[in-house]
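Please open the model in your viewer and keep the selection panel at hand. The tour goes from the whole chain to single residues.

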Amino acid sequence: MTLVGLAFAGCTQTDSSSTTEPVTRAPVRIQFLDVSDWHGQVDPLTVDGKQVGGAAVISSYWTADRAANPNTLTLTAGDAIGASLPVSAFFDDTPAIRALGMMGVQVDTFGNHNFDKGTAFLQTKIDEASFSYVSANLARVEDNLSGVAPYKIFDVGGVKVGVVGITNPDAPTLVKPGSFGTIDVTDPIPAANAARAHAMAEGAQVTVAIVHMGITGVDPATGLAFGPLIDFANNVGGFDFIFGDHTDLQYSGVHGTALVVENRSKGRTYVRVAASVDPENGRVISRDATFVTPFASAVTPDQAILDMLAPYRAELVTLKSVVIGESAVRIPRGDSCGNSAGRTCESLVGNVITDAMRFETAADFAITNSGGIRADLTCPSTDNPFDFCPPFVAPPYPITNGQVQTVLPFGNIVVSVTVNGAELKAMLENGVSEMPGVNGKFAQVSGLCFTYDIALPRGSRVLGAVRQAADGSCTGAPVDLTSASSYLVLENDFMAVGGDGYPNVATRISTLDFMDATVIHAIGHASPIAPAIQGRITCTTSGLTACPVVLP
């Protein structure tokens with residue numbers, strides 16, 4: 001008879017009649033640990049007054065997970081660096097790369113933020129990493145980066161697991177033009193299918209895709225998720241697991257043959273996937289996903305990571321902890337319609353930043369993309385010992401040097417350009433072109449107030465604009481949005497060279513100062529500040545598409 005449950009690969013059992021049968025190997029329990037869109041979040045987040053995540057905390061959770069099942073593969077799916085905390089960003093994200101290795105990450109792919117500083121910089125990070133990078137949909141990658149493969153095969157408890165990486169197709173539009181060198185980001189579906197086929201030919205039994213694409217929402221009528229991650233999962237063939245990223249939404253579901261998961265960003269949650277696999281043929285017998293909120297209070301943080309970060313932190317603390325001003329109100333990243341990333345409506349932080357850009361200049365208007373705004377401007381009321389903010393009782397709310405740089409982590413520069421009214425209208429049109437979708441190109445403005453119709457076709461939504469009056473109200477003179485007029489506009493250098501789809505005016509710009517320095521200077525001179533929502537961006541609708549609702 002066949003003996004089931006004995007883990008003796010290649011052995012036979014002999015009975016009294018000297019006939020032999022192969023002994024079936026027992027299923028192998030394997031485990032995947034995944035964090036999404038980490039962005040160098042080496043320190044814990046404050047979530048509802050509690051400390052969550054951070055490299056040392058997650059490392060301790062993962063150590064316990066691996067102790068429970070050593071057959072573990074630890075991975076992430078892009079943007080693990082870029083738009084990082086100052087303690088990492090100030091040191092070119094070397095602290096984040098080191099922390100990822102110490103946490104036990106084994107493989108990563110590239111998202112748009114990996115390319116924020118271009119391919120030469122990215123190569124230094126690849127060289128520093130103790131883990132592998134894979135991406136299958138980067139044409140001519142070998143001409144620009146070394147040490148990158150379409151896939152890699154890992155031995156996990158005797159099961160060969162092939163991991164295919166995928167970079168988000170819109171990544172080149174989300175960074176400065178030229179940041180990808182001569183790399184083209186190709187269609188992810190045929191690229192993933194081809195890489196999976198090659199991995200299987202090389203012996204992979206289980207196939208995994210780590211994809212820098214996420215869900216964008218859930219249909220309330222059907223309960224079904226939608227977005228680029230779901231489109232990818234529904235159209236590729238044969239993957240067993242797909243780990244998404246990029247959109248800061250949590251999801252788990254089966255699409256086709258694959259279990260598809262995505263976490264909240266920056267380590268707010270991570271996922272632990274447990275699977276049982278037939279080691280003979282790679283068939284996944286069972287699988288389930290558990291989302292974990294890594295509370296700092298529940299574990300002893302990994303001391304080795306704390307010790308690694310300590311010298312970086314000490315070097316920063318003197319400069320970054322300086323209080324440069326105060327606000328009478330909290331200034332969150334979220335906007336007046338409740339979008340936590342500030343990408344659907346006017347926001348207090350957007351108003352402060354764009355007003356600061358115009359401070360002490362002769363510029364008519366300022367505009368910046370919401371995707372460049374990454375955090376609350378005011379210090380959190382709940383003290384976080386890992387940030388650069390003092391403990392305080394609100395109001396007022398302190399604003400520190402380090403907090404400004406957390407809001408504006410990209411090192412962007414304020415630039416000026418003279419445009420005609422039609423060009424200005426094109427900028428505003430681009431800012432609302434993805435509505436009602438949530439997109440980083442959404443514009444925050446100063447000096448003008450504009451109205452758009454969300455139901456009209458892209459490129460023809462902006463109905464008009466007026467100047468802000470001296471008191472900030474939207475009661476000034478009309479803005480001529482035709483080519484007959486001329487205005488001095490301030491924006492950031494990312495936008496000026498065509499980033500996020502804004503008009504490329506690079507040959508006409510004059511550079512001013514770094515955005516963070518500009519904001520620090522303006523707040524320091526105007527403090528205390530009391531920003532308010534002023535109606536700078538008004539949405540109307542002439543059709544079925546509804547405007548986002550401004551919260552009371």
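What follows is a walk through a predicted model, with a selection to make at each stop.

Begin with the whole chain shown as a cartoon, in which 12 helices and 31 strands can be traced. Its radius of gyration is 25 Å, close to the 24 Å that the globule rule gives for 552 residues, so the chain is as compact as a globular protein of that length. If you turn the C-alpha trace along its principal axes, it spans about 100 × 50 × 45 Å. Buried residues account for 54% of the 552 residues, and the chain exposes about 21,600 Å², of which carbon and sulfur atoms supply 55%. Colouring by charge will bring up 32 positive and 53 negative side chains, with the centres of the two sets 1 Å apart.

Next, select Lys152, which belongs to strand β11, residues 151–156, and is partly exposed, at a relative accessible area of 35%. Add Ser132, whose side chain is joined to that of Lys152 by a polar contact of 2.9 Å. Beyond its neighbours within four places in sequence, Lys152 also contacts Val134, Val161, Gly162 and Val163.

Then move to Ser327 in strand β22, residues 323–327. Is Ser327 buried or exposed? Ser327 is buried, since its relative accessible area is 0%, and buried means under 20%. Display the backbone here as well, because the side chain of Ser327 reaches the backbone oxygen of Val329 at 2.6 Å. Finally, show the residues that Ser327 contacts outside its neighbours within four places in sequence, among them Thr378, Tyr397 and Ile529.

Conventions. Residues are numbered from 1 along each chain as its sequence is written. This is a predicted model: local features need pLDDT of at least 70, side-chain atom pairs count only at pLDDT 80 or more; totals for chains, interfaces and linings use all residues. Side-chain values use heavy atoms; hydrogens and water are left out. Helices (H or I, at least four residues) and strands (E, at least two) are DSSP runs, numbered from the N terminus. Buried means under 20% relative accessible area, exposed over 50%, partly exposed in between (1.4 Å probe, protein chains only). Contact means heavy atoms within 4.5 Å. A polar contact is a pair of N or O atoms within 3.5 Å; within protein, one must be able to donate a hydrogen and the other to accept it, and residues adjacent in sequence count only if both atoms are side-chain atoms. The radius of gyration is taken over C-alpha atoms; the globule rule is 2.2 Å times the number of residues to the power 0.38. Accessible areas come from the Shrake-Rupley method with a 1.4 Å probe; for residues, only the protein chains shown count as cover. Lys and Arg count as positive and Asp and Glu as negative; His and the chain ends are not counted. The place of a charge is taken as NZ of Lys, CZ of Arg, CG of Asp or CD of Glu.
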